Amino acid sequence: MSQLSKKPSHQPDSLSHSSSKPSIGQFIKHEWGLLLVAVQFLTRLPVPQFANYNPQWLHQSSRHFPGVGLLVGLLCASVFWLGSLLFTPLVAAVISTAFGIRLTGAFHEDGLGGGLTRARTLTIMKDSRLGTYGVLGLVSALLIKISLLTSMPLPVAIVALIIGHTASRLLCISLLALLPYGGEIEHAKAKPMAQQLTPLQGLWSSGWLILAGLLVVLLLPNTVQQIGIWQWSLALLLGVVATDYMRRLLRRRLGGYTGDGLGATQQLSEIAIYIGLAASNPFI
């Protein structure tokens, strides 16, 4: 998530509301506008042209990042399914993964990088060039994801893509509530994001994961039942462990989160979720 410089240039007028308590209609329009802000920030998808942008909306939109993950997961799952009709599972997984990178502009993958000290790490984050460590991290992550998706039956891979993209972004933004900003605030490319997320906003975000769960139950009820409870538990456990690892790593090395750190957290937790769902032996 290193593209924190990607700031929406125009936003919906509906986000500008008076200090009086908004009506239900105004509330829905406000949240819809924030969702569009999140879509514009995290993806390359076109959104309507807006006016009267307020930088604070970018921070508020972070609670809808899992919703963008749900959208990306649905699109990638659709491409995977279509690809499987024409090619082998391996080719379909490669096409789906490449599509996801194109869809997000490698927004999260770009966070995989190196640096042994805080100063060196921050210097690397400011550099748009991709070094050896970043290349190795990126290639490794892509190969692992493709291998895991290929190892799953097609319906399970579709469920994994939808849940993985949504849940990993929910786990990712949890660091906004658990950590302070660890970068140099005066050099932050998107200062509204250099703020913490409240626990209430984090709870609001979990609604997107619930929606993702309802969608996979509706679309693939038999597959959801075939995935063992131990696999779901393992996927959740590994996702949380990966996120906590990144939390401790970012606190130790940077003193808090950064855009690149959030991107790396999303990637690691997504892979962790795939590992849990791809596991074939109940060893827990």
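Me: Which residues of helix α8 are buried, and what makes a residue count as buried?
Reply: Q201, S205, W208, A212 and V216 are the buried ones in α8. Buried means under 20% relative accessible area, exposed over 50%, and partly exposed in between (1.4 Å probe, protein chains only). This is a predicted model, where local features need pLDDT of at least 70 and side-chain atom pairs 80 or more, while totals for chains, interfaces and linings use all residues. Residues are numbered from 1 along each chain as its sequence is written, and side-chain values use heavy atoms, without hydrogens and water.

Me: How do you know on which side of α8 the buried residues lie?
Reply: They cover an arc of only 90° around the axis, so they are on the same side of α8. The arc is taken from the directions from the helix axis to the C-beta atoms. The face turned away carries exposed residues, including L200, L203 and I210.

Me: Why does the span of α8 agree with a helix?
Reply: Helices are DSSP runs (H or I, at least four residues), numbered from the N terminus. The expected span is 1.5 Å times one less than the number of residues. For the 21 residues of α8 (199-219) that gives 30 Å, and the end C-alpha atoms are 31 Å apart, which agrees.

Me: What makes α7 and α8 parallel or antiparallel?
Reply: They pack at an angle of about 175°, with axes 10 Å apart. Therefore α7 is roughly antiparallel to α8, the term for angles over 145 degrees. Axes are lines fitted to C-alpha atoms over the stretch in contact, and angles run from 0 to 180 degrees between N-to-C directions.

Terms used. Helix = DSSP H or I, 4+ residues; strand = E, 2+ residues; numbered from the N terminus. Parallel < 35°, antiparallel > 145°, perpendicular 65-115°, else oblique.
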